[in-house]
Amino acid sequence: MRTIILLVTSLLVFTACKNTEKETPVSETTPMEETAGDTTSHPQVLGAVFEAHGGFDRWQQMNNLCFEMEGASGTETHTISLNNRYVKVETKAWTIGYDGNDVWLLENKDDAYKGNARFYHNLMFYFYAMPFVLGDEGIVYTQMEPTTLDGVSYGTLKIGYEAGVGDSPDDEYILYYHPETYKMTWLAYTVTYGEGEKSDDWHFIKYDDWQTVNGIVLPKKLTWYNVENGKPTDERSDITFNKVTLTETNLEASVFEKPDKAVIVAQ
């Protein structure tokens, strides 16, 4: 994500800390406590992470998010209605949308879009809106032992989903936050879309370049890493986000309506 589309395609065919000298692979982390989550009650450490990024209450005041990024088809413009998660992703060659009922695809020429539009429609929003999307309903949180990556002992929180949540309820995430600032630094994740079972194939994104937009700290750049023995090694690819806006303005549902020439993407 040297483009996000190529990375996604390869994936389909994406507290106090204990001092330690060992860089612990994901598979060796030890669970400490498990709690169910909703939008009003989160683990204390996650609340601290939210505060380090502007606060969950401030995030909930926002109603729309827009950003641009470079993909395989050129510049992509992502527009998200935050209160209902309607989505539109636009390029010169194609547009993907979600209107609350269906994911749809509009191609300006035959076979313009390469990939799975349903899988992709909210993928970059989810990565971009970390850590706040980890406050969604239907999440199960597990506090893990601190883990050392790049020489720092990070606090870790594992995220899973209740059955039936979203298209990929078997997906799992691990949030790595700085022990002093509580800012998010790493995200580990699995990809289970279409598989129907959990995976132990973990991927890593580094979050270390931030920008403040309307009081909320959001990524300026995300960097994907190669992984060996369950931990990140060297940089694989990165993506920069431009023209980011985050406001309280409610977008009309018509913005996300399926055009007449668009097709519904099957689940």
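What follows is a walk through a predicted model of one protein chain, from its overall make-up to a few individual residues. Because the model is predicted, local features are taken only where pLDDT is at least 70 and side-chain atom pairs only at pLDDT 80 or more, while totals for chains, interfaces and linings use all residues. Residues are numbered from 1 along each chain as its sequence is written, and side-chain values use heavy atoms, with hydrogens and water left out.

To start with the basics, the chain holds five helices and 15 strands; these are DSSP runs numbered from the N terminus, with helices (H or I) of at least four residues and strands (E) of at least two. Of its 267 residues, 51% are buried. Here buried means under 20% relative accessible area, exposed means over 50%, and partly exposed is in between, with a 1.4 Å probe and protein chains only. About 12500 Å² of the chain is exposed, and 43% of that comes from carbon and sulfur atoms; the areas come from the Shrake-Rupley method with a 1.4 Å probe, and for residues only the protein chains shown count as cover.

As for confidence, the mean pLDDT is 84, and 80% of the residues reach 70 or more; pLDDT is the predictor's confidence in each residue, from 0 to 100. Two stretches fall under 50 throughout: residues 1-24, with 69 contacts beyond four places in sequence, and residues 27-40, with 39 such contacts. A contact means heavy atoms within 4.5 Å.

Turning to the interior, the largest nonpolar core has 64 residues, and Leu-65 and Phe-127 touch the most other members. Such a core is a set of buried Ala, Val, Leu, Ile, Met, Phe, Trp, Tyr and Cys residues joined through side-chain atoms within 4.5 Å. Helix H5, residues 123-128, gives the most to this core, with six residues. Once neighbours within four places in sequence are set aside, the contacts of Leu-65 include His-78, Ile-80, Phe-125, Tyr-128, Leu-218 and Val-244. Another core, of nine residues, lies apart from the largest one, and Trp-186, Ala-188, Trp-202 and Phe-204 are among its members.

Aromatic rings come next. A search of the whole structure turns up 17 aromatic pairs. Rings of Phe, Tyr and Trp (its six-membered ring) pair if their centres lie within 6.5 Å, and planes under 30 degrees apart count as stacked, over 60 as edge-to-face and the rest as tilted. Trp-186 and Phe-204 make an edge-to-face pair, because their ring centres are 6.2 Å apart and their planes stand at 80 degrees. This pair links distant parts of the chain, with Trp-186 in strand S10 (residues 184-189) and Phe-204 in strand S11 (residues 203-213), 18 residues apart. Trp-186 is buried at 3% relative accessibility, and Phe-204 is buried at 1%. Trp-186 also pairs edge-to-face with Tyr-225, the centres being 4.9 Å apart and the planes at 70 degrees. That link joins S10 to strand S12 (residues 216-228), across 39 residues, and Tyr-225 is buried too. Elsewhere, ring pairs tie Phe-50, Phe-56, Trp-59 and Phe-132 into a cluster.

His-53 sits in the loop between helix H2 (44-52) and helix H3 (56-61), and at 0% relative accessibility it counts as buried. A polar atom of the His-53 side chain lies 3.0 Å from the backbone nitrogen of Met-184. Among the contacts of His-53 beyond four places in sequence are Pro-131, Phe-132, Trp-210 and Val-217. Pro-131 has a detail of its own: a cis peptide bond joins Met-130 to it, with omega about 0 degrees. Pro-131 belongs to the loop between H5 and strand S7 (139-149).

Two other loop residues have positive phi without being glycine. Asp-111 has phi near 55 degrees and is exposed, with a relative accessible area of 54%. For Tyr-182, phi is near 65 degrees; this residue lies between strand S9 (173-177) and S10 and is partly exposed at 21%.

Last comes Thr-247, in strand S14 (residues 242-247), partly exposed at 25% relative accessible area. Thr-247 and Gln-61 are 186 residues apart in sequence, yet 8.3 Å apart in space, C-alpha to C-alpha. The Thr-247 side chain makes a polar contact of 2.5 Å with the side chain of Asn-64. A polar contact is a pair of N or O atoms within 3.5 Å; within protein, one must be able to donate a hydrogen and the other to accept it, and residues adjacent in sequence count only if both atoms are side-chain atoms.
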